[in-house]
Amino acid sequence: MLAVGQTETVTYVVTKHDTAHGLSAEWRDGSYQDAYIDVFATIRMIALMELVCGRMLERIQAAGELSVGVEVNVRHLAPTPVGATVTATATYLGNDGKFHRFRVEAFDPAGKIGEGEHTRAIVTVERLLAGAQKRLMSR
């Protein structure tokens, strides 16, 4: 059971692969101009926020279930350099039917770098994979 106000925290050390520059290299083409630098990318911050929420939901999932993100509303407030440790914290806000809501925050040694809300749903692995396969076949 999860209680409103319950928290979970994860920590992560930022690598070059987690930066805006490191990620942008994956999408290079002939017209690409690299305008990104080596600071923690917003998409990596969001991924860490999702991870901490997902870990919290693991304790109420049944066998064959997992949680998936369905909504993200966050602000990235400050840059974090490679090598810094980022801490993401989720606070459980409660559920609305099958949707579980969280307040999320991320910090580096200098202070808060991100904040917002995230919503997840618990689904069966079988149903999720069947839905993904159906989308692949509809091409």
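Helices (H or I, at least four residues) and strands (E, at least two) are taken here as DSSP runs, numbered from the N terminus. On that basis, the protein reads β-α-α-β-β-β-β-α along its sequence, which comes to three helices and five strands.

The model is predicted: local features need pLDDT of at least 70, side-chain atom pairs count only at pLDDT 80 or more, and totals for chains, interfaces and linings use all residues. Residues are numbered from 1 along each chain as its sequence is written, and side-chain values use heavy atoms, with hydrogens and water left out.

The overall properties of the protein are set out below.

| Property of the protein | Value |
|---|---|
| Box filled by the C-alpha atoms, along the principal axes | roughly 45 × 45 × 20 Å |
| Share of the 139 residues that count as buried (under 20% relative accessible area, 1.4 Å probe, protein chains only) | 34% |
| Exposed area (Shrake-Rupley method, 1.4 Å probe) | about 8,500 Å² |
| Part of the exposed area supplied by carbon and sulfur atoms | 54% |

Contacts (heavy atoms within 4.5 Å) were also counted by sequence separation. Among those in the protein with a separation of 6 or more, 64% come from residues 24 or more positions apart.

With Lys and Arg counted as positive, Asp and Glu as negative, and His and the chain ends not counted, the protein has 15 positive and 16 negative side chains. The centres of the two sets lie 4 Å apart, each charge being placed at NZ of Lys, CZ of Arg, CG of Asp or CD of Glu.

One residue may be followed in detail. E71 belongs to strand β2, residues 65-76. Leaving aside residues up to four places away in sequence, E71 touches E117, H118 and T119. E71 and E126 are 55 residues apart in sequence, and their C-alpha atoms are 21 Å apart in space.

Notes. Buried means under 20% relative accessible area, exposed over 50%, partly exposed in between (1.4 Å probe, protein chains only).
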